[in-house]
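Student: I have a structure to look at and would like to understand the words used to describe it. Could we go through them one by one, with the reasoning behind each?

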Amino acid sequence: MNLTITSVRLTPILVADPPLLNTQGVHQPYTPRLIVEVETADGITGVGETYGDTKYLELARPFAAELVGRRVDDLNGLFTVADEVAVDDARVSGQVDVGGLRGVQTADKLRLSVVSGFEVACLDALGKALGLPVHALLGGKVRDAVEYSAYLFYKWAGHPEGVASEKDDWGAATDPAGVVEQARLFTERYGFTSFKLKGGVFPPDEEIAAIRALAEAFPGHPLRLDPNGAWSVETSLKVAEELGDVLEYLEDPALGTGAMAEVSAATGVPLATNMCVTTFAEIKEAFTRDAVQVVLSDHHYWGGLRNTQQLAAICRAFGVGVSMHSNTHLGISLAAMTHVASTVPDLHHACDSHYPWQSEDVLTERLTFEGGKVAVSDAPGLGVALDRDKLAFLHQRWLDDDGALRERDDAAAMRVAEPGWTTPAVPRW
Ligand SMILES: O=C([O-])C(=O)C[C@H](O)[C@@H](O)C(=O)[O-]
Ligand SMILES: [Mg+2]
């Protein structure tokens, strides 16, 4: 068996995205992703997926070149190689991530976001070479299916008139009735039993009303609200007070560890984050100040599946819960998330996934949710197969784009509908 990497293919694509609203603006009609393929001397190909914006491509290209001649089982070596890839200072100084929704942006975090796509591709190739599923390479699954929550969004029925886009069949959701209707569709289509509403879009009272409506429509079901740090400490505490009896947790009500610690000290409602604990360096302060009770991991920016397991172990040591964050992703990443989640012993909350919002994919067969769960594949590698025609089609869309959609920019998309829109200052309420 020859595990040497003989070629690496990077394919940037644009995938259709519905008009999902968040505190920054609205999703663009197409969003960039990067598909990574590593091929071994034996002709085995492994696939991975990560962010596709230019700043990630800028790192992925030199990184890919360095991997040829290395082996797919040299997973630790990926980090050494990444350390040597230069990051343009302008990409990190004073910047937050795309749309400001995933916390600080550092050179390391950019590198880790790139490494994660390659780590998954290497694990996929290694698993195929050994005849083992990725979860076995991670130490073995402790569950046969991974539970996901319905990721509810306020949304428009369609992208603004005149904007090239794909149609979706979810309808509009801009009030409590619309949110409940969307939740019903999620349960009918996928069987989800817990619900997360992306908030920070409307004044808190309207979002409180939406959660109340969900609690009435789905009594006893776990509910979460995530305004992406849009509220002051005072507002966060008011919402916690009003919804404390129905919330499983509040996600990033206020921005930053300091504000989260203040909220946490004054409420019994658990706080979750994918904004103030997004790197290993941020853990110590957040945990010692008891700022968060649940960390929402994301293998993309934490640097892969094995780093996710390490994060889970640290959380376990501190008695902090762990679950998973998601933004727009395709089936390769859902498969990767499912493999790693299947190996985490104390996974007490359903994971987030945007996958139901993505009508397009690069796989021959879409992954499916049964009763809100994705079955853990025991096939070699990730257990997914790339559809080259679909990949080529989505890549052609990226090639045809004039550059406007190659960077995710929710505020720019919002300006099409509201010309004066700028990213709101925080706290917004
Ligand atoms: O805080 C979160 O859960 C996210 O940032 C998830 C996604 O990025 C979501 O907010 C989005 O894509 O609009
Ligand atoms: Mg969040």
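Tutor: Let us begin with strand E9, keeping in mind that this is a predicted model. Both faces of E9 are covered, since Leu223 and Leu225 on one side are buried and so are Arg224 and Asp226 on the other.

Student: What makes Leu223 and Leu225 lie on one side of E9 and Arg224 and Asp226 on the other?

Tutor: In a regular strand the side chains alternate between the two faces of the sheet. The residues of E9 are listed in just that way, with Leu223 and Leu225 on one side and Arg224 and Asp226 on the other.

Student: How do you know that E8 and E9 pair, and in which sense do they run?

Tutor: Two strands count as paired when at least two bridges are found between them. Strand E8, residues 195-198, is joined to E9 over four bridges, and the two pair in the parallel sense. One of the contacts can be named, as Phe195 has Leu223 in E9 for its bridge partner. Between these strands the chain passes from E8 through H6 to E9, in a β-α-β crossover that is right-handed.

Student: Which strand does E9 run parallel to over three bridges?

Tutor: That strand is E10, which three bridges join to E9. Here Leu225 has Leu250 in E10 as its bridge partner, and E9, H7 and E10 together make a β-α-β unit that is right-handed.

Student: Why is Leu214 called buried or exposed?

Tutor: Leu214, which sits in helix H6, residues 204-217, has 23 C-beta neighbours inside 10 Å and therefore counts as buried, the cut-off for that word being 20 or more. Between the C-alpha atoms of Leu214 and Phe195 there are 8.5 Å in space, with their positions 19 residues apart in sequence.

Student: And Glu188, is that residue buried or exposed?

Tutor: Glu188 belongs to helix H5, residues 176-190. Because Glu188 has 9 C-beta neighbours inside 10 Å, it counts as exposed, the limit for that word being 12 or fewer. The C-alpha atoms of Glu188 and Glu119 are separated by 35 Å, and the two residues are 69 apart along the chain.

Student: What makes the phi of Asn228 worth pointing out?

Tutor: Most residues other than glycine have a negative phi. Asn228 is not a glycine, and yet its phi is positive, at about 50 degrees. Asn228 lies in the loop between strand E9 and helix H7, and it counts as buried because it has 24 C-beta neighbours inside 10 Å.

Student: What is the phi of Asp252, and where is that residue placed?

Tutor: The phi of Asp252 is near 40 degrees, which is again a positive value in a residue other than glycine. Asp252 is found in the loop between strand E10 and helix H8, and since 30 other C-beta atoms lie within 10 Å, Asp252 is buried.

Student: What kind of peptide bond joins Val426 and Pro427?

Tutor: Most peptide bonds are trans. The bond joining Val426 and Pro427 is cis, with omega about -5 degrees, and Pro427 lies in the segment after helix H14.

Student: How do you know where ligand 1 lies with respect to the domains?

Tutor: Domain 1 (5-135 + 387-398) and domain 2 (139-375) both give residues to the shell around ligand 1, so the ligand lies between them. Among the residues around ligand 1 are Leu20, Arg102, Asp226, Asn228 and His325, and the shell divides into two nonpolar, six polar and three charged residues.

Student: Which residues touch the most other members of the largest nonpolar core?

Tutor: Of the 124 residues in that core, Val38, Phe63, Phe118, Met260, Val292 and Val295 touch the most other members. Helix H3, residues 107-130, gives the largest share of this core, eleven residues, and the core draws at least three residues from each of domain 1 and domain 2.

Student: Where does Val295 point from strand E12?

Tutor: Val295 and Ser297 point one way from E12, whereas Val294 and Leu296 point the other way, and all of them are buried. E12 pairs in the parallel sense with strand E13, residues 321-324, over four bridges.

How values were computed. Residues are numbered from 1 along each chain as its sequence is written. Chains are lettered from A and ligands numbered from 1 in the order in which they are written. This is a predicted model: local features need pLDDT of at least 70, side-chain atom pairs count only at pLDDT 80 or more; totals for chains, interfaces and linings use all residues. A residue is near a molecule or strand if its C-beta atom, placed from the backbone, lies within 6 Å of it. Ala, Val, Leu, Ile, Met, Phe, Trp, Tyr, Cys and Pro count as nonpolar, Asp, Glu, Lys and Arg as charged, and the others, Gly among them, as polar. Domain bounds come from an automatic or database domain assignment. A nonpolar core is a set of buried Ala, Val, Leu, Ile, Met, Phe, Trp, Tyr and Cys residues joined through C-beta atoms within 7 Å. A crossover is right-handed if, with the strands pointing away from the viewer, the path from the first strand over the helix to the second runs clockwise.
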